[in-house]
Amino acid sequence: MATQIHSLLCEYATNPIGLDVARPRLSWQLSGDRRGIAQTAYRLIVADSLEQLATNKGNIWDSKLVTSNESLLRHYKGPALQSRQRYYWKVIVWDERNQRTAWSEPAFWEMGLLAADDWQAQWITPDIAENKDEMQPCPLLRTEFAVAEELVSARLYVTALGLYELRLNGRFPTPDCFTPGWTNTHKRIQYQTYDVTDQLTVGQNALGVILGDGWHRGYLANFSGQGRNKYGDTLAFLCQLELQYADGRSQTITTNPDWRATADGPISYSDIYMGERYDARRKQPGWDSPGFDDTSWAGVRVYEEVTGKLVAQTGTAVRPMHTLAPVSLTKAPSGVTIVDFGQNLVGRVRLQLTGEAGTIVTLRHAEVLDADGNLYTANLRAAEQKVTYILRGGGAEIYEPHFTFQGFRYVAVEGIELTAEAITAVVLYSDLNATGLFECSHPLINQLQQNIVWGQRGNFLEVPTDCPQRDERLGWTGDAQAFAATACFNMNVATFFTRWLQNLRDDQRADGAVPHVAPHVLPDHAFGAAGWADAAIIVPWTIYLSYGDKRVLAENYPAMQRWLAYVYNRAGDDFIWSGDFHFGDWLARDRDDLGTPYGMTETDLIATAFYAYSATLLAKIARVLKREADVETYEAVAEQVRAAFCDEFVTVNGRIGTNTQTAYVLALMFDLLPEEQRPDAARRLVANIRERDTHLATGFLGTPYLCHVLTRFGYLDVAYDLLLQESCPSWLYPVTQGATTIWERWDGIRPDGTLQNPEMNSFNHYAYGAIGHWLYSAVAGLQIDATRPGYKHTVIQPQIGGDLDFARAELITGYGRLASRWQLTDETFTLEVTIPPNTTATIVLPNPDPAAIFAGERPLTNAPDLRSFYHSDDQLFIEVGSGQYTFTVKL
């Protein structure tokens, strides 16, 4: 079969609309039934119509023949793009045989509103008195308009201060939730673009919206002394509906002073932390449909105090992604009905009820039950996670909350007797494509992997949060950088992190300090902690490695430089960063009686280690961006910090700091020690682990690197022993306790059944799920080649151990499906790999003798389609192009 082109993407999306990227990037994949498929050249054309595109001439832009094997993120280089314009494109490729493919199928992208004067709409707010220091009813706003015949297209551009939920002719025009998203609205306000052509009718139409407090003015960061109204105390709405007709006419419907509003609706309040109260008796039937009498409603007023810049949404919104039925309904000792969904999740419940008008149904949500079987909510702190629904009566009623989400496995129901069919869990998270799969012969590890994925689902809701249930739910930078590499395996998070990094840059202080959380909502001093603020460098680098995305490096480079300059100034001439506040190795288990969450590893040691690491990464980033002068500068800084680290924290006998696991892990992972000292440091790390009866003692900063370091320095057996450890503290201990997500603490539920300190005891906290990176890259062997990122070249080197006899991983890369599957018997090791088209791989096998290895049915020395192979003392390296391969090693 000839080489074919498919899966055309623009900015990681299929046929996106509403872009405001000046130079969109275009990607495509290749396929065919042979090995070694590779692109040698391509030609892109862009046109303003499908008819023009069909002529194979791009009247907007023609790249001409480009000699390149790159098929990801190719920049549009034509004339400046225009607001609202749709651009059609396609690509043709020359392959490794110098044969030209057929043209791809057409694709398109459509621009949003690129200039401020494209907006004719006015910001409006209900002209209704409110007590803005307390939770308020969610206002309804509406307007009506007429649509003529021969409508060709309708685009709705929409945003809000607060959250909005659209209605169009009585229907939901989009499944998106929590729009317009979470940004610092003093800096940027995202708007969404929707194609609503098919949802309009000739004649009268109605456009309505419900507004909610959301992050804008709802409760936020209560635990730190914050309250409501972080970004403002007023809800406002902005929308512009643009209609195009077949005869060239256009029509624009906008928010303006003619809209109507009321607070006399069914939602008494809806708050992210607190939950929602909904009185169905107060519903106004038909309010979002044409012909509704709104004469009793209030008016609106123009709101002119908006300072943030309107920007198009980056990436996808939060959406309902799954539904779960209950696994059981039981009576708690307290008498309430406990609904168990069998999975700790993030979202809301859907009720389907019948009952008398005025019946009050109360739902309280929690992750675990206490020892008596009652709902455990002490760890929620000030967050209530309570939903109240009051029936209207008269028939079946279906209800879901609107502007709130809960973290829960269990729901306590009071006020009504219900069946399992009457309640459903609706799982919400940012609509990110699942890309990874890991499985092995150990069932507890498989459950661990599922826990990692569910933890990511629950905490990748608009921003990468620490937890989804208590009065926090913030974009903690330390958690994000620790987990980023694992996140990139499980899902395509390129645009998700791109958007979050913009939030981080928006809130970076003028002196370069990076906030503890992004968006920044904590007190003014909450900036500049080592291992947390370094996310400004670590996360973009991780995205670059995983997706080959240079733009994320370029966009964040000035912020990275400012951050390192801040650290340079804080550390001073001795290059030891000391004296400032840091979180340390958060929640490390160095000593059970420590009485502090910071761990025993000196914070000055940790801060200096991350100083060196960030300087090293910034030098690499400068090299990618071809900033050679900066390369020299940051390499010199890194070398000076490494030397200072050794002088300050490493004794003449090789002991590092207070002899903690994390001290050795960071020193080895970040290459802070001279080569000759590293083996001894690794031995000391292993000795510490064995002295603890083969248990880890690391926290948020040491744990992500622990097994990588052990593997690199020849202690694979210890890494597997830690992975397979089932007693506390360990990755599998929570699994043995029935966990379905990753816990914040190693001992959230202690071996004696008691619960940890409720002030900080989340049961859905992804940081320790960073072990997932080692499962994919070591156990299954899928390793990124940093010199050819985005899996343009992959090293596949499974690390066999732990009495596993089988493991496999799959990853949907930008080029297609990459897979590794190995099977171990007493006599053979078999490795099956799939390499996507237009990429190459190095396969590393655990036997240097080619005569002991078969490729398929043939001896390796006589196998076709292998580019080359060579060996070291104990391994054999095979270079291959795309395709499927099976290698069998005789043991």
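Trainee: Which helix holds T542?
Mentor: This is a predicted model. Look along residues 535-547, where T542 lies. That stretch is helix α6.

Trainee: Is T542 buried or exposed?
Mentor: The relative accessibility of T542 is 12%. The cut-off for burial is under 20%. T542 therefore counts as buried.

Trainee: Which residues is T542 in contact with, leaving aside neighbours within four places in sequence?
Mentor: Contact here means heavy atoms within 4.5 Å. With the neighbours within four places in sequence set aside, three names answer for T542: A484, A485 and C488.

Trainee: What does F497 touch, not counting residues up to four places away in sequence?
Mentor: F497 is a member of the largest nonpolar core. Its partners beyond four places include A484, a residue that T542 also contacts. The full list for F497 is F460, P464, A480, A484, A487, V539 and I543.

Trainee: Which residues touch the most other members of the largest nonpolar core?
Mentor: This core has 213 residues. Helix α8, residues 603-624, gives the most to it, with 15 residues. The residues touching the most other members are V493, F497, W774 and F887.

Trainee: How many residues make up the second, separate core?
Mentor: Look for A154, Y164, L207 and V300. They are included in this second core. Its count is 27 residues.

Trainee: Why is helix α15 described as largely enclosed by the rest of the structure?
Mentor: Helix α15 spans residues 771-779. Among its buried residues is W774, which also belongs to the largest nonpolar core. The helix is largely enclosed because the buried count is 8 of the 9 residues.

Trainee: Which residue just after α15 takes a positive phi?
Mentor: Step past the end of the helix. The phi there is about 90°. The residue is G781.

Trainee: Where is Y76 found?
Mentor: Y76 is not in a strand but in a loop. Strand β6 covers 74-75 and strand β7 covers 86-95. Y76 is in the loop between β6 and β7.

Trainee: Is Y76 buried or exposed?
Mentor: Y76 has contacts beyond four places in sequence, including W61, L81 and W109. A22 is another of them, and its C-alpha is 8.8 Å from that of Y76, across 54 residues of sequence. At 1% relative accessibility, Y76 counts as buried.

Trainee: Is A378 buried, partly exposed or exposed?
Mentor: A378 also sits in a loop, between β27 (375-376) and β28 (386-390). Its relative accessibility is 41%. The partly exposed class runs between 20% and 50%. A378 therefore counts as partly exposed.

Trainee: What separates the C-alpha atoms of A378 and Q737?
Mentor: Along the chain, A378 and Q737 are 359 residues apart. In space, their C-alpha atoms are separated by 20 Å.

Trainee: What radius of gyration does the protein chain have?
Mentor: The chain has 891 residues. A compact globule of that length would have a value near 29 Å. The chain agrees, at 29 Å.

Trainee: What share of the contacts comes from residues 24 or more positions apart?
Mentor: Count the contacts with a separation of 6 or more. Residues 24 or more positions apart account for 74%.

Trainee: How far apart are the mean positions of the positive and negative charges?
Mentor: The protein chain has 75 positive and 105 negative charges. Take the mean position of each set. The two lie 5 Å apart.

Notes: Residues numbered from 1 in each chain as written. Predicted model: local features only at pLDDT ≥ 70, side-chain atom pairs only at ≥ 80, totals over all residues. Heavy atoms only, no water. Rg over C-alpha atoms; globule rule 2.2 N^0.38 Å. Lys, Arg positive; Asp, Glu negative; His and termini not counted. Charge placed at Lys NZ, Arg CZ, Asp CG, Glu CD. Core = buried A, V, L, I, M, F, W, Y, C linked by side-chain atoms within 4.5 Å. Buried < 20%, exposed > 50% of the residue type's maximum accessible area, 1.4 Å probe, protein only. Helix = DSSP H or I, 4+ residues; strand = E, 2+ residues; numbered from the N terminus.
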